[in-house]
Amino acid sequence: MQNTFTQMTHDCLPNVLKLNTHFKDNSIPRILTQHGHTQEELTPPFKNQLVKKWGPSGSIAKDSPDWQLMSPVAKAAEGCPIIHKNTYDAFINTNLADVLKEQSIGRVVVCGVMTDCCCDTTARAAFNRGFETWLVSDACGTESEKQHEAGLRGFAYAFGEVLETHQVLARKEILQA
């Protein structure tokens, strides 16, 4: 999770870190994503749809302070692959699918921000690519409770399980890809 999203992480950050520790301690692969736009993408004419929608000032510039990982996340992420992305879906324009396949991962557990944008979109994309996918409700955050619940409800209806952190930690199958 990046500095620009700090205000959305107060409730979910402890659970993200708890999941990270559990995965690390049990040698379960951890992969982070980091969203950002190059100077070229932030310069007209805009080719990136997110930059078109939010404008350059509403987009995250790569290498800016807002783009940096939050300190506790950066520390927890040491040794993790980081997938750099420029849209909500972490599979588009990245090697995420290859990284998952190379590690023989069959289940993707998604947490972070924003529930109804990056998390939901990436989780749906994982499902559509054949991965069992869990979205962790109390380890995701967004602008409002209404948006958070809408993202979770839509995902749970057709794509995968929505679980809480304690449920993920209790599941024995989490120890298997």
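These exercises work through the pockets and one helix of a predicted model.

**Exercise 1.** Describe the largest pocket by volume, lining and chemical class.

*Solution.*
Start with volume: the largest pocket holds about 920 Å³ of space.
Next, the lining. It counts 42 residues, and Ile31, Leu32, Val109, Val110 and Cys111 are the closest to the pocket centre.
Now assign elements. Two or more lining residues come from each of H1 (13-25), S1 (32-35), H3 (71-76), H4 (96-102), S3 (107-113) and H5 (115-128).
Strand S3 gives the largest share, 7 residues.
Finally, sort by class: 29 nonpolar, 10 polar and 3 charged.

**Exercise 2.** Do the same for the second largest pocket.

*Solution.*
The volume is about 320 Å³.
The lining has 20 residues; nearest the centre lie Phe5, Trp54, Gly58, Ile60 and Met114.
Helix H2 (49-54) and H5 each supply at least two of the lining residues.
The classes are 10 nonpolar, 8 polar and 2 charged.

**Exercise 3.** Check the length of helix H6 (residues 145-158), then find which residues are buried.

*Solution.*
Take the length first. H6 has 14 residues, so at 1.5 Å a residue it should span 20 Å. The end C-alpha atoms are 21 Å apart, which agrees.
Then list the buried residues of H6: His148, Gly151, Leu152 and Phe155.
Seen down the helix axis, these buried residues fall within an arc of 90 degrees, so they line one face.
The spacing rule helps here: an α-helix has 3.6 residues a turn, so residues three or four places apart point the same way.
Look at the face turned away from the buried side: Lys146, Arg153 and Tyr157 are exposed there.
Last, the partners. The buried residues of H6 pack against H5, strand S4 (132-141) and strand S5 (161-163).

Note on methods
Residues are numbered from 1 along each chain as its sequence is written. This is a predicted model: local features need pLDDT of at least 70, side-chain atom pairs count only at pLDDT 80 or more; totals for chains, interfaces and linings use all residues. Side-chain values use heavy atoms; hydrogens and water are left out. On a 1 Å grid over the protein atoms alone, a cavity is a set of points where a 1.4 Å probe fits but cannot get out, and a pocket is an open set with protein on both sides within 12 Å along at least five of seven lines; lining residues have an atom within 4 Å of a point. Grid points are joined across faces, edges and corners, and a volume is the space filled by probe spheres set on the points. Helices (H or I, at least four residues) and strands (E, at least two) are DSSP runs, numbered from the N terminus. Ala, Val, Leu, Ile, Met, Phe, Trp, Tyr, Cys and Pro count as nonpolar, Asp, Glu, Lys and Arg as charged, and the others, Gly among them, as polar. The expected span of a helix is 1.5 Å times one less than its number of residues. Buried means under 20% relative accessible area, exposed over 50%, partly exposed in between (1.4 Å probe, protein chains only). The arc is that of the directions from the helix axis to the C-beta atoms. Contact means heavy atoms within 4.5 Å.
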